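Let's take a walk through this protein together, one piece at a time. Have the sequence and the 3D view open as you read.

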Amino acid sequence: MSINITTDTFKHQGMRKQLVKEVRAKGITDERVLAAMERVPRHLFLDPAFLAQAYSDYAFRIGAGQTISQPYTVAYQSSLLDIKKGDKVLEIGTGSGYQCSILLEMGAKVYSIERQKELHDKAKELLPALGYNPKLFYGDGYKGLPAFAPFDKIIVTAAAPYIPEDLKKQLKTGGILVIPVGAGNVQVMTTIFKTGDTTFETHELKDFRFVPMLTNKEWGEEKMAQKFRK
Ligand code: SAH
């Protein structure tokens, strides 16, 4: 597989400035997030045919039934993480790698897990080609990465039916977990601050819509269903 890296021109940069303006107007005030968004070439995470979509504030299909999150959502979650330079961050749901690149631009060290091999492989090729070097894992986000824990921050970018205990465990004391929680069509963005070894403070914020965070079993069933639909 080879990825055609097209260039990042003044035109793209101009489109990005516009997008940042739009995201700012929707209430994002964290300048570090907005500066990162102005730098990451979102059009290179989508097929070249979708240039206009790349710089509109919408989620977009990236194949394997998954989506690249809406820029506003990426900015919102990134703001909640309150990234400091050098933070060790765990991301669940690499997807296109766009959210991951925003965190890297902000100076975080990122560990990201993806459940779908096809997307994991694609991100593994694309991100280094763009100059981003996260640690990418093909595996089950519900389990986190115990071998690399603890993390300063954890971000879940798929709809979690509940808050996985393993992720809470893998957070440093003083750390923040940002996770959209809800098994139905709508999820509540939730922040969990780890205040002590076993103590947490939870805040429920706004509603969002994410693709589901699948368990191994559900993923097997989904693949089977796809096979029969073909
Ligand atoms: N952060 C991504 C958004 C991806 S959408 C981006 O910026 O593009 C959510 C992703 O979570 C999908 O790619 C989906 O395959 C993945 N996912 C779903 N369940 C998962 C699980 N249990 N573990 C890891 N990734 C999972």
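**Starting in the sheet**

Let's begin with strand 3 and strand 6, the latter covering residues 151-156: the two run parallel and are joined by four bridges. If you'd like a spot to look at, find I92, whose bridge partner in strand 6 is V156. Keep in mind as you look around that this is a predicted model.

Now zoom out a little from that pair. Strands 3 and 6 belong to an open sheet of seven strands, and if you read across it the order is 5-4-3-6-7-8-9, with mixed pairing. At the edges sit strand 5 (135-138) and strand 9 (199-208), each of which pairs on one side only. Going from neighbour to neighbour, the strands of this sheet are turned by 15° against each other on average, if you ignore direction.

Follow the order along to strands 8 and 9. This pair is antiparallel, with eight bridges between the two strands. A hairpin takes the chain from strand 8 to strand 9 through two residues. For a landmark here, look for I192, which stands opposite T202 in strand 9.

Next come two helices that lie across the strands. Helix 4 lies across strand 6, strand 7 (171-181), strand 8 (187-196) and strand 9, and it runs at about 160° to strand 9. Helix 5 lies across strands 3, 4 and 6, running at about 170° to strand 4.

Both helices turn up again when we get to the pocket. The largest pocket has a volume of about 540 Å³. It is lined by 36 residues, and the closest to its centre are Q66, G93, T157, A158 and V211. Which elements each supply at least two residues of that lining? They are strand 2 (66-68), helix 4 (71-81), strand 3 (88-92), helix 5 (98-105) and strand 4 (109-114). Strand 2 gives the most, with three residues. As for the character of the lining, it divides into 16 nonpolar, 15 polar and five charged residues.

Finally, step back and take in the whole chain. It has eight helices and nine strands. The radius of gyration is 17 Å, close to the 17 Å that the globule rule gives for 230 residues, so the chain is as compact as a globular protein of that length. Along its principal axes, the C-alpha trace spans about 50 × 45 × 30 Å.

Note on methods
Residues numbered from 1 in each chain as written. Predicted model: local features only at pLDDT ≥ 70, side-chain atom pairs only at ≥ 80, totals over all residues. Heavy atoms only, no water. 1 Å grid on protein atoms, 1.4 Å probe; cavity = no way out; pocket = protein on both sides within 12 Å on 5 of 7 lines; lining within 4 Å. Points joined across faces, edges and corners; volume = space filled by probe spheres on them. Nonpolar A, V, L, I, M, F, W, Y, C, P; charged D, E, K, R; others polar. Pairing = 2+ DSSP bridges. Axes fitted to C-alpha atoms, helices over the stretch in contact; angles between N-to-C directions. Contact = heavy atoms within 4.5 Å. Rg over C-alpha atoms; globule rule 2.2 N^0.38 Å.
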